[in-house]
Amino acid sequence: DGGRDGETSVVTKTRPKTQRPPMYKVLLLNDDYTPMEFVVHVLERFFGMNHSHAFEIMLTVHKRGLAVVGVFSFEVAETKVAQVMDFARRHQHPLQCTMEKE
Ligand code: TYC
């Protein structure tokens, strides 16, 4: 009868799922007291930004309240947050830096 009983087939291709580690955004938060030049220095020192990029990101945080300053593995993000928080504390500025899973 022209049927194709049992002949239906679907071609599938399997692809091994490559495991990528979760990445973490490091966020810098605005406040009313930390000097702008200090924030620019933090971005240059701990996030390897050049001066004009650091200034631009600092202004974004100042105007919008926060900005992502980098995306890293858990360990690196944790270290950056600790370094920034420690540096700010030593200089008696209330600057806050946090991380969140991407
Ligand atoms: N708002 C601060 C000021 O006017 C500057 C500032 C920018 C503070 C970014 C924190 O993450 C920050 N001096």
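**Exercise 1. Describe the order of the secondary-structure elements and the overall dimensions of the chain in this predicted model.**

Solution. Reading along the sequence, one meets the pattern β-α-α-β-α-β, and a count of the elements gives 3 helices and 3 strands. Turning to the dimensions, the C-alpha atoms fill a box of roughly 85 × 25 × 20 Å when it is taken along the principal axes. As a last step, compare the radius of gyration with that of a compact globule: for 102 residues such a globule would have a value near 13 Å, but the chain has 23 Å.

**Exercise 2. Work out which residues and elements surround the ligand.**

Solution. Begin with the residues that have a heavy atom within 4 Å of the ligand; they are Leu28, Leu29, Asn30, Asp31, Thr34, Met36, Val39, Met58, Val61, His62 and Leu95. Sorted by character, the residues of this shell divide into 7 nonpolar, 3 polar and 1 charged. The space that the ligand takes is the largest pocket. Two or more residues of the shell come from each of strand S1 (24-29), helix H1 (36-47) and helix H2 (51-64), and H2 gives the most, with 3 residues.

**Exercise 3. Find the polar backbone and side-chain atoms that lie beside N or O atoms of the ligand, and state how much of the ligand the protein buries.**

Solution. Take the oxygen side of the question before the nitrogen side: an oxygen atom of the ligand is 2.8 Å from a polar backbone atom of Leu29. A nitrogen atom of the ligand is 2.8 Å from an N or O atom in the side chain of Asn30, while a polar backbone atom of Thr34 is 2.9 Å from a nitrogen atom of the ligand. Finally, consider the area: the ligand taken alone exposes 350 Å², and the protein buries 88% of that.

Notes. Residues are numbered from 1 along each chain as its sequence is written. This is a predicted model: local features need pLDDT of at least 70, side-chain atom pairs count only at pLDDT 80 or more; totals for chains, interfaces and linings use all residues. Side-chain values use heavy atoms; hydrogens and water are left out. A polar contact is a pair of N or O atoms within 3.5 Å; within protein, one must be able to donate a hydrogen and the other to accept it, and residues adjacent in sequence count only if both atoms are side-chain atoms. Accessible areas come from the Shrake-Rupley method with a 1.4 Å probe; for residues, only the protein chains shown count as cover. On a 1 Å grid over the protein atoms alone, a cavity is a set of points where a 1.4 Å probe fits but cannot get out, and a pocket is an open set with protein on both sides within 12 Å along at least five of seven lines; lining residues have an atom within 4 Å of a point. A molecule sits in a cavity or pocket if more than half of its atoms lie within 2 Å of its grid points. Helices (H or I, at least four residues) and strands (E, at least two) are DSSP runs, numbered from the N terminus. Ala, Val, Leu, Ile, Met, Phe, Trp, Tyr, Cys and Pro count as nonpolar, Asp, Glu, Lys and Arg as charged, and the others, Gly among them, as polar. The radius of gyration is taken over C-alpha atoms; the globule rule is 2.2 Å times the number of residues to the power 0.38.
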